[in-house]
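Trainee: I am new to this structure and would like a close look at a single part of it. Could you take me through that part slowly, in one connected account?

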Amino acid sequence: MKGKLIVFEGIDGSGKTTQMQILGRRLERQGFPVVYTREPGGTRVGESIRGILLDPLYREMEPQTEALLYAAARAQHVAQLLQPALAAGKVVLCDRFLGSSLAYQGFGRGLSLEFIDHINNLATGGLKPDLVLIFDLSPCLCLKRIGAQVNELDRLEREEMAFHRRVREGYLTLARREPACCRVIDGRQTVEQVHETVWREVERFLREANAGNK
Ligand code: TYD
């Protein structure tokens with residue numbers, strides 16, 4: 001089987017990171033070669049860019065700057081980690097990818113989706129995820145789950161509720177536009193129940209990929 005890129009998307013606190021870890025362990029138990037990574041980050045350069053992006057100090061950051069920095073971190077990630085791992089036949093589990101830029105910088109900040117697509121095509125060389133799991137939960141519930149004080153929140157988490165609502169709607173719009181690779185997962189259930197839904201989707205996806213020898 002060729003390498004597979006499975007991406008976890010959703011607003012902060014939607015449970016995607018926990019689900020990624022649980023799925024990864026189950027895949028490993030079944031013998032799949034799993035690689036875990038995240039955006040922004042996944043590489044030394046990317047983690048440094050992440051530091052700038054999430055630091056509440058930079059309140060003045062322009063939306064364009066923000067979008068370009070996410071794309072810059074992504075370019076490094078694709079070249080240094082994702083492409084080699086996929087070429088080596090790994091199942092790569094990635095916490096956020098292009099969908100986050102479309103949802104946060106596009107729907108959230110109001111930048112045009114064409115601009116986001118354009119800079120990200122340059123960054124990724126056209127690499128697309130094989131499967132995108134979108135964890136859907138209301139921003140109110142997400143905030144409760146994060147349960148943090150304002151001074152513990154990063155620059156994006158500090159955005160107003162309306163911003164997070166636009167991001168959530170953005171994800172749902174993206175899912176409707178690309179039904180072939182996106183799956184919306186209801187994040188309101190327990191961790192175990194959500195995992196079972198994730199597992200059903202991933203198992204089916206891997207079975208079909210294997211059957212088609214894709
Ligand atoms: P995340 O790693 O999910 O944060 P945490 O470690 O706090 O769970 O993501 C960091 C933030 O970056 C998150 O608020 C979403 C944002 N983001 C974008 O706005 N655009 C992007 O392209 C990416 C990858 C992330």
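Mentor: Let us start from a loop, keeping in mind that this is a predicted model: Pro-40 sits in the loop that runs between strand 2 (34–38) and helix 2 (44–54), and the peptide bond joining Glu-39 to Pro-40 is cis, with omega at about -10 degrees. Another loop, the one between strand 3 (91–95) and helix 4, holds Arg-96, which is not a glycine and yet has a positive phi of about 75 degrees. As background to both loops, most peptide bonds are trans, and most residues other than glycine have a negative phi.

Arg-96 also leads us to the ligand, since one of its polar side-chain atoms lies 2.7 Å from a ligand oxygen atom, while a polar side-chain atom of Arg-50 lies 2.9 Å from an oxygen atom of the ligand. On the side of Gln-105, an N or O atom of the side chain is 2.8 Å from a nitrogen atom of the ligand. Taken alone, the ligand exposes 550 Å², of which the protein buries 88%. There are 16 residues around the ligand, and those that come nearest are Tyr-70, Arg-74, Arg-96, Ser-101 and Gln-105.

Several of these names return where two helices meet: Glu-66, Ala-67, Tyr-70 and Arg-74 in helix 3 are in contact with Leu-98, Ser-101 and Gln-105 in helix 4. By class, this contact has three nonpolar, two polar and two charged residues. The axes of helix 3 (residues 63–87) and helix 4 (residues 98–108) come within 11 Å and cross at roughly 175 degrees, and the two helices are therefore roughly antiparallel to each other.

Notes
Residues are numbered from 1 along each chain as its sequence is written. This is a predicted model: local features need pLDDT of at least 70, side-chain atom pairs count only at pLDDT 80 or more; totals for chains, interfaces and linings use all residues. Side-chain values use heavy atoms; hydrogens and water are left out. Axes are lines fitted to C-alpha atoms, for helices over the stretch in contact, and angles run from 0 to 180 degrees between N-to-C directions. Helices (H or I, at least four residues) and strands (E, at least two) are DSSP runs, numbered from the N terminus. Angles under 35 degrees count as roughly parallel, over 145 as roughly antiparallel, 65 to 115 as roughly perpendicular and the rest as oblique. Contact means heavy atoms within 4.5 Å. Ala, Val, Leu, Ile, Met, Phe, Trp, Tyr, Cys and Pro count as nonpolar, Asp, Glu, Lys and Arg as charged, and the others, Gly among them, as polar. A residue is near a molecule or strand if one of its heavy atoms lies within 4 Å of it. A polar contact is a pair of N or O atoms within 3.5 Å; within protein, one must be able to donate a hydrogen and the other to accept it, and residues adjacent in sequence count only if both atoms are side-chain atoms. Accessible areas come from the Shrake-Rupley method with a 1.4 Å probe; for residues, only the protein chains shown count as cover.
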